[in-house]
Amino acid sequence: MGTNVFVGEYDRSVDGNGRLALPATFRDHLGNRCYVTAHPDGYIAITTEENFALMAELVLAEVRSGARPTSARRSVGRASQLASIDKQSRITLDEATRRHAGIRPGAQAIIVGALNELQVWRPSRFATVENEHGEIEPARVWRDEDDQGDDVQSGGSA
């Protein structure tokens with residue numbers, strides 16, 4: 001089990017180049033690189049190389065046992081990328097990953113420590129999940145408003 005635990009909540013903005021400043025307290029946990037994943041629940045997951053390797057091994061074991069289809073390997077692989085962390089503790093989120101989470105350059109984001117990962121949320125989505133007090137998570141279709149007032153749908157699958 002990894003010793004890197006992520007806790008807390010942080011308000012940040014994504015700059016015009018798609019860069020997100022991570023809380024400086026996590027720089028030691030993450031080192032110079034981390035994995036960024038467009039999570040099926042509509043947020044961006046950021047985790048250490050060690051934690052990602054553990055998760056990948058779990059997915060592979062579930063595929064081998066028949067608990068998950070072989071396509072699960074591809075789904076996780078294509079939704080994830082290895083990212084460098086610069087000296088200012090920033091990572092660059094590519095356009096597809098930002099779009100998945102409904103986060104535009106120049107927009108606000110909330111970073112939430114979720115023990116084995118950091119979760120990067122569009123504030124309105126985070127408010128939605130925080131207001132759902134049940135133990136069972138419902139299937140969601142996000143209806144985010146873009147800057148022009150049009151609805152952007154981003155779903156519960158990567």
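**Exercises on a six-stranded sheet**

In this predicted model, an open sheet of six strands follows the order β1-β7-β8-β4-β3-β5, with antiparallel pairing. Strands (E, at least two residues) and helices (H or I, at least four) are DSSP runs numbered from the N terminus, and two strands pair if DSSP finds at least two bridges between them.

Residues are numbered from 1 along each chain as its sequence is written. Local features need pLDDT (the predictor's confidence in each residue, from 0 to 100) of at least 70, side-chain atom pairs count only at pLDDT 80 or more, and totals for chains, interfaces and linings use all residues.

**Exercise 1.** Identify the edge strands of the sheet.

*Solution.* Step 1: an edge strand pairs on one side only. Step 2: β1 (9–13) and β5 (80–84) meet this condition.

**Exercise 2.** Describe how β4 is joined to β8.

*Solution.* Step 1: β4 (residues 44–47) and β8 (residues 118–121) run antiparallel and are joined by three bridges. Step 2: within this pairing, Q119 of β8 stands opposite A45.

**Exercise 3.** Determine whether Q119 is buried or exposed, and characterise its surroundings.

*Solution.* Step 1: the relative accessible area of Q119 is 14%. Step 2: Q119 is therefore buried (under 20%; exposed is over 50%, partly exposed in between; 1.4 Å probe, protein chains only). Step 3: beyond residues up to four places away in sequence, Q119 touches Y43, I44, I110, I111, V112 and A114 (contact: heavy atoms within 4.5 Å).

Notes. Heavy atoms only, no water.
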